[in-house]
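This report walks through the model shown below, beginning with charged pairs and going on to cores, single residues and a pocket.

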Amino acid sequence: MSLTAPDTRPGYAPPVPALAERVGWLRLLGAFRRNTLEAFPRACLDAPAVTIPLPGGRMVLLSTPAGARHVLLTATDDFVRLPAGRRVIGPIAGRGLVLADGEAWRHQRKVLAPAFTPRTLPLMLRFVARSAEESCCRLEAGLGAPADLRGEMQRVALDIATTSMFSLETGALGAEIRALVSGYLDRLGKPTVTDFLLPPGWPTPSSPRRALFRRRWLRLVGAVLEARRGQGAQGQGAWGAPRDLFDLLIEAHGDAPGGLLADEVGTLIVAGHETTASTLFWACTLLAREPGMQDALAAEATGLDLSEAGAAAALPSLRLAKAVAQETLRLYPPVYVIARRAARASVVEGTTIPAGSIVMIPTWVLHRNPRWWDRPEVFDPGRFLDRPEPDRFVYLPFGAGPRICIGAQLALAEATLVLARLARAFHLRLADDRPVLPVATTTVRPDHVPRFLLKRRAG
């Protein structure tokens with residue numbers, strides 16, 4: 001696999017797969033099997049729309065903010081979710097918010113909205129601070145041996161998700177959740193060409209194994225629900241009664257076995273921790289190459305109260321930590337492409353899009369296009385400090401429009417606090433020089449699990 005050339009100017013440019021010079025049917029098929037990031041054509045950097053012929057149809061990649069705005073905001077009814085998304089995400093999400101459409105989606109979003117308003121953030125941050133402190137204690141206990149920060153960031157992110165949203169410490173269930181979800185996203189969660197091309201309802205070669213995963217996942221979510229039921233209602237909370245998301249969902253959907261409750265809880269557990277875990281891991285790989293940035297983060301956090309009691313008040317002062325999280329989300333967006341199906345024929349960016357066409361907004365390319373970003377290949381958190389905010393349809397780590405991620409604000413705050421706490425406690429570097437390459441499955445994940453060497457920071 002070819003890589004982009006190393007940058008000779010100041011600043012670290014992480015290695016990534018090179019954009020394809022040409023993408024045809026065979027190249028697309030190979031890229032889906034290896035790494036979807038290899039399927040994005042270089043023409044997306046210059047052309048507002050790139051069309052790729054497919055058997056029985058076409059795929060159109062829209063790589064401008066105007067194209068993204070049209071699909072995600074202006075004409076949302078003209079572009080609907082792909083059957084491929086249901087095939088790939090369905091085993092985890094079922095009928096949860098991520099895959100819901102129409103009136104069902106509006107109802108589910110309304111149910112969840114009270115838990116993600118700005119006034120609930122201080123309560124959530126108490127759980128973030130506690131989990132960050134526990135993570136640092138675990139890492140402290142393991143000093144002297146190479147650390148698996150990917151696994152640790154998955155653990156801390158899952159702890160945050162389950163305690164902040166469901167008032168539940170998963171304990172032994174946490175390891176099983178992480179293993180099952182990670183295994184799915186690394187293998188069966190990787191989209192295939194047949195996921196896109198076969199009509200809805202038709203089985204794909206992956207369907208039997210995905211169905212088996214679905215049964216195992218629902219059993220595990222059932223165990224989580226049973227543990228949470230044992231705690232009873234949580235009483236008054238920051239947004240009024242009921243206190244947490246579980247109680248809100250019980251009120252809205254009931255508690256029938258196999259009902260929407262299990263799908264919604266499962267969806268929120270995965271979505272609530274996967275994005276944060278991914279952001280934290282990639283931030284660690286970037287910071288490991290930039291010791292000066294680590295020192296600056298530690299200096300910023302020095303003197304701030306990052307405990308449960310002080311986290312909410314400290315958050316606005318963590319400007320650099322927030323910028324590191326934002327820049328990490330630019331370089332490694334969890335949603336590296338947004339896919340839709342044209343429900344009716346239309347013209348976007350001067351390109352005719354017939355009904356039934358697959359329409360993709362390659363977030364990965366938008367975030368790395370020199371037309372919109374200065375030196376886009378370089379890790380530069382400064383671009384989010386004291387500079388104009390990027391166009392919201394150029395920077396899409398959480399999507400945009402009505403279906404923007406409901407937990408975006410919480411996810412960014414989580415990453416900010418955990419990074420600040422980690423940098424204040426430790427110096428970190430990678431144990432070897434092997435490049436950590438991004439591989440696109442359902443999210444952007446590393447091609448291998450690197451080890452980190454941690455050293456206690458003085459003071």
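## Salt bridges

A salt bridge here is a side-chain nitrogen of Lys or Arg within 4 Å of a carboxyl oxygen of Asp or Glu. The model is a predicted one. By this rule, the count of salt bridges comes to 23.

R457 forms a salt bridge with D295, and their closest N and O atoms are 2.9 Å apart. This pair links distant parts of the chain: R457 is in the segment after strand 11, while D295 is in helix 12 (residues 291-301), 162 residues apart. R457 counts as buried because its relative accessibility is 13%, under the 20% limit. D295, with a relative accessible area of 38%, is partly exposed.

## Two further pairs and a network

The side chains of R456 and E140 also meet in a salt bridge, at 2.5 Å from N to O. R456 belongs to strand 11 (residues 452-456) and E140 to helix 5, so the pair ties together parts that are 316 residues apart in sequence. E140 is partly exposed, at 31% relative accessibility.

In another pair, the side chains of D186 and R445 form a salt bridge of 2.6 Å, N to O. D186 sits in helix 7 (residues 172-186) and R445 in strand 10 (residues 444-446), distant parts of the chain that are 259 residues apart. D186 is partly exposed at 30% relative accessible area, whereas R445 is buried at 3% relative accessibility. Salt bridges that share partners join D186 and R445 with R150 and E274 into one network.

## Nonpolar cores

The largest nonpolar core has 129 residues, and F166 and W217 are those with the most contacts inside it. Helix 11 (residues 260-288) gives the largest share of this core, 14 residues. What does W217 touch, not counting residues up to four places away in sequence? W217 touches P91, I92, I177, L180, V181, G266 and V270. Apart from the largest core lies another core, of 18 residues, including A49, A75, I338 and V348.

## Helix 3

Helix 3 (residues 83-93) has A84, R87, V88, G90, P91, I92 and A93 among its buried residues. The buried residues of this helix pack against helix 7, helix 8 (193-197), helix 9 (207-229) and helix 11. Two of the helix 3 residues, P91 and I92, are touched by W217. Just after helix 3, G94 takes a positive phi of about 55°.

## F116 and T351

F116 has its place in the loop between helix 4 (102-112) and helix 5 (121-141). Is F116 buried or exposed? F116 counts as buried because its relative accessibility is 15%, and buried means under 20%. Leaving aside neighbours within four places in sequence, F116 is in contact with M165, L245, I406, G407, Q409 and L410. F116 and L245 are 129 residues apart in sequence, and their C-alpha atoms are 9.7 Å apart in space.

T351 lies in strand 6 (residues 351-353). T351 is buried, with a relative accessible area of 19%. Leaving aside its neighbours within four places in sequence, T351 is in contact with A49, T51, V60 and S346. Among these contacts of T351, A49 is also one of the residues in the core of 18 residues.

## Positive phi in residues other than glycine

E349 has a positive phi of about 55° although it is not a glycine. E349 is found in the loop between strand 5 (346-348) and strand 6. At 33% relative accessibility, E349 counts as partly exposed.

R375 is a residue other than glycine with a positive phi, near 45°. The loop between helix 15 (363-366) and helix 16 holds R375. R375 is partly exposed, at 24% relative accessibility.

## The second largest pocket

The second largest pocket holds about 830 Å³ of space. It is lined by 31 residues, and those closest to its centre are K322, Q326, E389, Y395 and L412. Helix 14 (319-331) and helix 16 (408-425) are the elements that give two or more residues to the lining. By class, this lining has 19 nonpolar, five polar and seven charged residues.

Technical notes
Residues are numbered from 1 along each chain as its sequence is written. This is a predicted model: local features need pLDDT of at least 70, side-chain atom pairs count only at pLDDT 80 or more; totals for chains, interfaces and linings use all residues. Side-chain values use heavy atoms; hydrogens and water are left out. On a 1 Å grid over the protein atoms alone, a cavity is a set of points where a 1.4 Å probe fits but cannot get out, and a pocket is an open set with protein on both sides within 12 Å along at least five of seven lines; lining residues have an atom within 4 Å of a point. Grid points are joined across faces, edges and corners, and a volume is the space filled by probe spheres set on the points. Helices (H or I, at least four residues) and strands (E, at least two) are DSSP runs, numbered from the N terminus. Ala, Val, Leu, Ile, Met, Phe, Trp, Tyr, Cys and Pro count as nonpolar, Asp, Glu, Lys and Arg as charged, and the others, Gly among them, as polar. A nonpolar core is a set of buried Ala, Val, Leu, Ile, Met, Phe, Trp, Tyr and Cys residues joined through side-chain atoms within 4.5 Å. Buried means under 20% relative accessible area, exposed over 50%, partly exposed in between (1.4 Å probe, protein chains only). Contact means heavy atoms within 4.5 Å.
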